[in-house]
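Q: Please take a close look at one part of this model, the place where charged side chains meet, and then follow the chain outward from there. I am a first-year student, so a connected explanation would help me more than a list.

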Amino acid sequence: PDRIADPIILIAAGYAVTSFSWASTLGWSAALLAVLTAYIRTLSASIGAPADFSGPMAKQHRMAVMTLACIITAIESLLGGAPYALFFALVIINIGCIATLVNRTRNAYNALEQK
């Protein structure tokens with residue numbers, strides 16, 4: 001379900017940001033990076049490394065960022081502002097997912113080297 005839910009939420013957030021024409025691309029990249037974090041975990045477990053659910057932008061962290069961004073966006077909407085919170089959330093998720101990919105790959109490498 002994570003591999004379906006993450007892209008739906010993150011891509012929709014990208015299309016919800018109307019202030020930047022390229023925000024939908026940011027949503028797509030966040031979605032692809034989020035799915036890639038799950039595949040890195042699965043791949044590393046399949047080759048003998050322990051399943052690694054570490055972050056800094058694991059599923060629970062991504063959804064916490066998106067939840068907070070949606071709450072702030074609702075407040076922004078009530079005040080008549082543009083949805084900048086969603087934009088910044090997508091930037092944070094993209095950067096955090098890249099860091100998570102590096103972290104999980106490094107952890108898998110270290111675990112396999114110790115065997």
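A: In this predicted model, a network of salt bridges links Asp6, Lys59 and Arg62. The count of salt bridges comes to two, and Asp6 takes part in each of them, with Lys59 as the partner in one and Arg62 as the partner in the other. Between Lys59 and Asp6 the distance from N to O is 2.7 Å, and between Arg62 and Asp6 it is 2.6 Å. The cut-off for such a contact is 4 Å between a side-chain nitrogen of Lys or Arg and a carboxyl oxygen of Asp or Glu.

These contacts join distant parts of the chain, as the positions of the partners show. Lys59 belongs to helix α3 and Asp6 to helix α1, and the two are 53 residues apart. Arg62, which is also in helix α3, is 56 residues apart from Asp6 in helix α1.

How much of each partner is accessible can be read from the relative accessible area, where under 20% means buried and over 50% means exposed. Asp6 has 2% relative accessibility and therefore counts as buried. Arg62 is at 3%, so Arg62 counts as buried too. Lys59, at 21%, counts as partly exposed, because buried would require a value under 20%.

Another pair of residues from the two helices can be added to this picture. Ile9 lies in helix α1, and its C-alpha atom is separated by 8.4 Å from that of Met66, although the two residues are 57 residues apart along the chain. Ile9 itself has a relative accessible area of 33%, so it is partly exposed, while Met66 is one of the buried residues of α3.

Helix α3 deserves a look as a whole. It has 20 residues, and the distance from its first C-alpha to its last is 29 Å, close to the 28 Å expected at 1.5 Å a residue. The buried residues of α3 are Arg62, Met63, Met66, Ala69, Thr73 and Glu76. Seen down the helix axis, these buried residues fall within an arc of 135°, so they line one face of α3. Gln60, Leu68 and Leu78, in contrast, are exposed on the other side of the helix.

Leu78 leads on to a feature of the surface, since Ile71, Ile75, Leu78 and Leu79 form a nonpolar patch there, with about 490 Å² of accessible area together. Of these residues, Leu79 lies in the loop between α3, which covers 59–78, and α4, which covers 84–114. Leu79 has 72% relative accessibility and so counts as exposed. Just after α3, Gly80 takes a positive phi of about 85°.

Going back along the chain from α3, one comes to the loop between α2 and α3, where Pro56 lies. A cis peptide bond joins Pro56 to Gly55, with an omega of about 25°. Gly48, just after α2, takes a positive phi of about 110°. Helix α2 itself has 24 residues, which should span 34 Å at 1.5 Å a residue, and its end C-alpha atoms are 35 Å apart, which agrees.

The remaining part of this tour concerns aromatic rings. Five aromatic pairs are found in a search of the whole structure. In one of them, Phe20 and Trp22 form a tilted pair, with 5.6 Å centre to centre and 45° between the planes. Phe20 counts as partly exposed because its relative accessibility is 26%, and Trp22, with a relative accessible area of 43%, is likewise partly exposed. Phe20 also pairs with Tyr84 in an edge-to-face arrangement, with 6.1 Å centre to centre and 65° between the planes. Because Phe20 lies in the loop between α1 and α2 while Tyr84 is in helix α4, this pair ties together parts that are 64 residues apart in sequence. Tyr84 is partly exposed, with a relative accessible area of 39%. Ring pairs link Phe20, Trp22 and Tyr84 with Phe87 and Phe88 into a cluster.

To return to the starting point, the salt-bridge network consists of Asp6, Lys59 and Arg62, and its contacts link helix α3 with helix α1.

Methods: Residues are numbered from 1 along each chain as its sequence is written. This is a predicted model: local features need pLDDT of at least 70, side-chain atom pairs count only at pLDDT 80 or more; totals for chains, interfaces and linings use all residues. Side-chain values use heavy atoms; hydrogens and water are left out. Patches are made of residues with over 30% relative accessible area and no salt bridge: like charges are joined within 9 Å, nonpolar side chains (Val, Leu, Ile, Met, Phe, Trp, Tyr) within 5 Å. Accessible areas come from the Shrake-Rupley method with a 1.4 Å probe; for residues, only the protein chains shown count as cover. Helices (H or I, at least four residues) and strands (E, at least two) are DSSP runs, numbered from the N terminus. Buried means under 20% relative accessible area, exposed over 50%, partly exposed in between (1.4 Å probe, protein chains only). Rings of Phe, Tyr and Trp (its six-membered ring) pair if their centres lie within 6.5 Å; planes under 30 degrees apart count as stacked, over 60 as edge-to-face and the rest as tilted. The expected span of a helix is 1.5 Å times one less than its number of residues. The arc is that of the directions from the helix axis to the C-beta atoms.
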